Each structure stands twice: as structure tokens, then as C-alpha cells.
Amino acid sequence: MELVRLRRSDNMIFSRVVLLLLGSLIPLLVHGQILVTGIVTDKNTGKAIPGVNIRIMQSGKKSVTGSTGCFRINTEGDKPVRLRFTHISYDTAWATIPPNGDSAFILVSLQPSQIMFEPVLISGSHKPDTVIGSSRFFINDFEFFGEQIVLLTFEKKPEKSKVMLADKDSRIISTFPIPVNGEELFRDFLGNVNVIGKDSVYRVLVKENNLRLVSVPPEEFEHLIRPCIDTVAGKIVFSDYRDDYPEFSYYSWDPSDSVAVRLRHILDEDLALMYSFEYDFLTTRQKVYARKMELATGIDKREIAAYMTNFSGSRYFTPLYAPLFVISDTLYLFEHYKNYLYRMDKDGKVLDSSSINYHKPEKWREWRRRLIREENGSRVFGLFLKDGYYSLKEIDIRSGKVISVSRLYFPYVGKIRVKDGYAWYIYRPFESQQSKFLYKERLNEYK
């Protein structure tokens with residue numbers, strides 16, 4: 001069971017960790033050995049660092065810090081022992097344990113590494129190429145489908161929308177009318193492209209380069225398909241994310257035994273605190289109603305209060321954004337509320353982590369709260385907007401640093417995707433008679 005508190009002082013955290021170490025990490029020691037326990041923290045922030053590798057230089061024995069920065073390791077007790085602490089985002093640190101006693105507790109502070117990546121700025125150096133454009137229809141959305149492209153289009157009225165299939169040479173090879181107004185395309189975790197309408201969902205099927213649509217029950221889609229992110233080692237990774245709640249979790253589900261395991265819990269502590277305070281601002285009569293609803297539904301009265309005041313619709317509420325990508329069977333979690341990029345195995349065990357700060361630019365409104373993963377690749381880009389022009393900042397998935405910046409040629413483009421080293425997007429010149437075209441524009445030199 002995981003216990004989450006919204007506010008705790010540093011002293012309380014330290015005391016609790018020490019009690020855990022002293023109270024629950026008491027093993028049956030082998031004679032002549034020392035049990036070394038401790039906590040590894042960031043020297044600048046004082047926060048615990050997970051994923052730090054600890055190595056005993058004499059014996060080669062290894063350990064690693066957990067999510068709270070704690071570690072334990074047994075050493076030989078007849079002579080001084082040298083410990084090495086390493087992490088990809090921090091300078092190496094050392095500690096020496098003297099040969100006295102049967103246990104030792106140490107605090108280790110790591111200095112963030114000063115290795116810097118110099119961003120490469122490419123600003124409007126590559127004029128975009130028109131991929132698909134016609135005066136006969138507007139392109140409202142697009143999704144990649146292997147080497148082909150599925151387009152959501154309409155002619156003069158959005159109610160008369162169609163799906164179109166374009167081949168790798170940008171030729172339209174098939175069209176199919178949509179029974180209702182298609183609002184967007186959504187590619188699910190299985191690679192299927194779906195047309196989303198106001199009260200309907202249609203799956204796009206392609207057979208011998210011919211399109212057709214199959215209706216999908218909207219409730220089934222929203223509950224069983226949209227929450228799923230990807231698959232890894234035969235398991236489905238999904239979340240219980242809600243855009244009106246200040247926390248959510250990622251899970252791994254094994255279809256063979258129907259067991260779901262929580263991988264990571266995401267919480268915006270400051271937002272959750274404000275969310276819970278809505279109950280305190282209710283009138284006495286409203287509080288009584290919230291308590292009655294709690295008894296009737298089992299939902300916490302403070303959550304009910306936030307619904308009553310429509311807190312999620314206020315200017316104080318921002319939906320959470322901490323995306324997770326599966327790249328080469330490794331989970332990459334961009335935890336924007338802890339300022340860390342975590343690399344985890346298929347079971348959610350932290351393999352390594354790096355501090356991140358790209359999401360906190362000097363002008364905070366420039367960060368558009370979106371990361372774009374390259375199609376069929378491992379590159380990840382952050383989306384930023386300045387003076388009407390979008391920039392794609394490539395985030396190194398090992399260091400968490402920005403390593404290149406590419407500003408797009410046209411202002412206020414729509415539906416940005418990245419594939420084969422190009423940014424793909426929809427654009428229509430302002431006050432132009434041109435319809436919306438699909439363009440692609442080369443980013444930083446693709447490797």
C-alpha cells in the first residue's frame with residue numbers, strides 16, 4: 001500500500017526514513033560484516049535521489065538507492081571499506097567506512113553534474129515542403145498508418161467529412177465518407193486509427209489500399225482503449241488519468257492473469273492541497289450535503305466539494321501532464337512535478353533517473369505542456385511557443401537536457417508530429433484563400 005501525504009516538513013521526512021531504516025532493516029548479520037545503510041540526496045535541493053549506484057571497491061559488491069534515496073549494503077568489517085556513489089546526472093562521490101561496530105549509517109550528498117549540452121538552434125533554415133494540399137478539401141487532422149497517411153478532411157462544411165488514405169508518394173488512393181461529423185483522429189496503442197465524433201467512434205480499416213469504417217461503442221472506447229498507452233513484454237501499460245483531478249497512476253496489466261500492478265503515482269501536491277481546501281470554503285448547508293453524498297457514494301467529501309465548486313474549471317486548476325513512453329522495452333516517465341526523468345523496467349523498477357528543467361522556462365507560458373515522440377524512433381521533443389512560432393526542443397532521454405532547438409517556419413501551425421527527422425503539421429496562411437495543407441519541415445540533422 002502506498003501512503004501519500006500532501007505536506008511534510010523536511011525534518012519529518014528525515015525522521016521517518018531513519019526510523020524505517022533502524023526499525024525495519026535489521027537483518028541477521030554474518031559475523032565480521034558491517035551493515036551500511038544511508039540516504040543519498042541532491043546537494044543543492046536536499047531531495048532524495050533514486051537510482052544511485054553504490055559499489056564496494058574492494059569486493060565489487062553493488063547496491064542501488066530506492067525511490068526514497070535509501071540504500072543498504074553489507075561490507076567486510078576487518079578493515080576500512082571504500083564506497084563509490086555514481087549517477088548519470090551527478091558527480092561521483094566516495095565514502096570510507098571504518099572497521100568498527102556491526103552497523104553504520106551515512107548521509108551522502110551528490111553534486112549535480114556540470115556537463116552541459118549546447119543546444120543547436122535552427123530557425124527557419126529549412127523551408128517546408130507541401131506533402132498534400134488541394135483546393136477541393138481542407139485537411140483537418142492526420143495520422144501515420146505505417147508508410148501511409150490517414151487524413152480527416154472536409155470540403156465546404158465540417159458536417160460532410162471524409163477519411164482519405166494517401167500513399168508514401170502523397171497520392172490519395174482511397175476515400176470514405178464519415179456518417180457523422182468527424183472531430184479528430186486518434187491512433188490507439190495497437191496502432192489502429194480511429195475517427196472520433198461527438199457521440200460516436202469509428203475504427204479505420206485498410207484492406208488492399210481501400211478504406212472502410214467500423215463502428216466502435218463509445219463507452220468501450222473511452223474505458224478500454226483510450227486509457228491504454230503502449231505494450232511492453234506482453235503487458236498493457238495504462239493510466240487512470242482524469243483531466244479534472246490532481247493525481248493519477250500508471251499501471252501494468254497482464255492479460256494472461258488479469259492482474260494490474262501500479263507502476264507509478266503522479267501527484268501535484270500544491271494543486272491537490274488547493275483541491276482539498278474547497279470543502280473548507282463551503283457553507284454549512286453545503287458541507288452537510290457533501291457529507292451525505294460521501295456516505296451515499298463512497299467518494300471523499302473533499303472531492304465532492306471540488307465538484308460542487310467546479311474547481312477544475314477555475315483559473316487555479318491545470319490538468320496534470322507527466323507522459324510515459326515505452327522505448328525499446330524501457331519505460332521513460334517525464335515526471336514534471338518532481339522534476340525528474342525516470343527510466344524504469346517493465347515492472348516499474350527505477351533503473352536510472354535524471355533531473356529535468358526544460359518545462360520551467362524563464363517565460364513559463366512558452367512551455368506548451370506537450371512532449372512529442374518521434375514516430376518509430378526514440379527521439380523526444382518538447383513543444384514551445386514564442387511570438388506565434390512553435391519550437392521543438394529535443395530532450396536527451398539519458399540526461400534530460402535540451403540538445404537541439406528547431407523553430408518552425410510557419411506561425412501557429414496545427415497537429416504537429418515528428419517522423420524521419422521532419423516536423424509534420426497542418427497549416428493555412430492567415431487571411432488566405434488556401435485550404436489547410438499538410439506540410440513537412442526538416443529539423444536538426446537526422447541520424
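This report walks through charged pairs, aromatic rings, one short helix and a few single residues in a predicted model.

**Salt bridges**

Let us begin with the charged side chains. The structure holds 16 salt bridges. One of them joins D141 and K415, whose side chains meet at 2.3 Å, N to O. D141 sits in strand β10 (residues 138–145) and K415 in strand β30 (residues 414–419), so this pair ties together parts that are 274 residues apart in sequence. The two partners can also be described by their accessibility: D141 counts as buried at 5% relative accessibility, while K415, at 21%, counts as partly exposed. The cut-off for buried is under 20% relative accessible area, so K415 with its 21% falls in the partly exposed class. The D141 and K415 pair also belongs to a wider arrangement, since D141, E143, K415 and R417 are linked in a network of salt bridges.

Another salt bridge is formed by D352 and R398, with the closest N and O atoms 3.6 Å apart. D352 belongs to strand β25 (residues 350–355), and R398 to the loop between β28 (389–395) and β29 (402–407), so the pair ties together parts that are 46 residues apart in sequence. Here D352 is buried, with a relative accessible area of 11%, whereas R398 is partly exposed at 40%.

The side chains of E394 and R379 meet in a salt bridge too, at 2.9 Å, N to O. E394 lies in strand β28 and R379 in the loop between β26 and β27, so the parts tied together are 15 residues apart in sequence. Both E394 and R379 are buried.

The table sets these three pairs side by side.

| Salt bridge | N to O distance | Separation in sequence |
|---|---|---|
| D141 and K415 | 2.3 Å | 274 residues |
| D352 and R398 | 3.6 Å | 46 residues |
| E394 and R379 | 2.9 Å | 15 residues |

**A buried acid without a partner**

What does E441 do, being buried yet without a salt bridge? For E441, the nearest side chain of opposite charge is R407, 8.1 Å away. A salt bridge needs a nitrogen and a carboxyl oxygen within 4 Å, so the 8.1 Å to R407 does not qualify. The side chain of E441 does reach a backbone atom, namely the nitrogen of Y409, at 3.1 Å. E441 itself is part of strand β32 (residues 437–442).

**Aromatic rings**

Next come the rings. A search of the whole structure finds 22 aromatic pairs. Among them, F142 and F144 are arranged edge-to-face, at 5.7 Å centre to centre and with 85° between the planes. F142 and F144 are both buried. Y358 and W367 make another edge-to-face pair, with 5.7 Å between the centres and 75° between the planes. Y358 is buried, with a relative accessible area of 4%, and W367 is buried as well, at 10%.

Rings also gather in a bigger group: Y409, F410, Y425, Y427, F437 and Y439 form one aromatic cluster. Y409 is a residue we have already met, as its backbone nitrogen is the atom reached by the side chain of E441.

**Helix α5 and its ends**

Which residues of helix α5 (residues 301–308) are buried? They are E303, I304, A305 and A306. What covers these buried residues includes α3 (269–277) and α4 (284–297). At the N-terminal end, D300 acts as a cap, with a side-chain oxygen 2.7 Å from the backbone nitrogen of R302. Just after α5, N310 takes a positive phi of about 55°.

**A glycine in a loop, and the cysteines**

G377 lies in the loop between β26 (367–373) and β27 (380–386). Is G377 buried or exposed? At 15% relative accessibility, G377 counts as buried. G377 and V418 are 41 residues apart in sequence, and their C-alpha atoms are 9.4 Å apart in space.

Finally, how many disulfides are there? The count comes to zero, with the rule asking for two cysteine sulfur atoms within 2.5 Å. As for individual cysteines, C70 is buried with a relative accessible area of 15%, and C228 counts as buried at 14%.

Conventions
Residues are numbered from 1 along each chain as its sequence is written. This is a predicted model: local features need pLDDT of at least 70, side-chain atom pairs count only at pLDDT 80 or more; totals for chains, interfaces and linings use all residues. Side-chain values use heavy atoms; hydrogens and water are left out. Buried means under 20% relative accessible area, exposed over 50%, partly exposed in between (1.4 Å probe, protein chains only). Helices (H or I, at least four residues) and strands (E, at least two) are DSSP runs, numbered from the N terminus. Lys and Arg count as positive and Asp and Glu as negative; His and the chain ends are not counted. A polar contact is a pair of N or O atoms within 3.5 Å; within protein, one must be able to donate a hydrogen and the other to accept it, and residues adjacent in sequence count only if both atoms are side-chain atoms. Contact means heavy atoms within 4.5 Å. Rings of Phe, Tyr and Trp (its six-membered ring) pair if their centres lie within 6.5 Å; planes under 30 degrees apart count as stacked, over 60 as edge-to-face and the rest as tilted.
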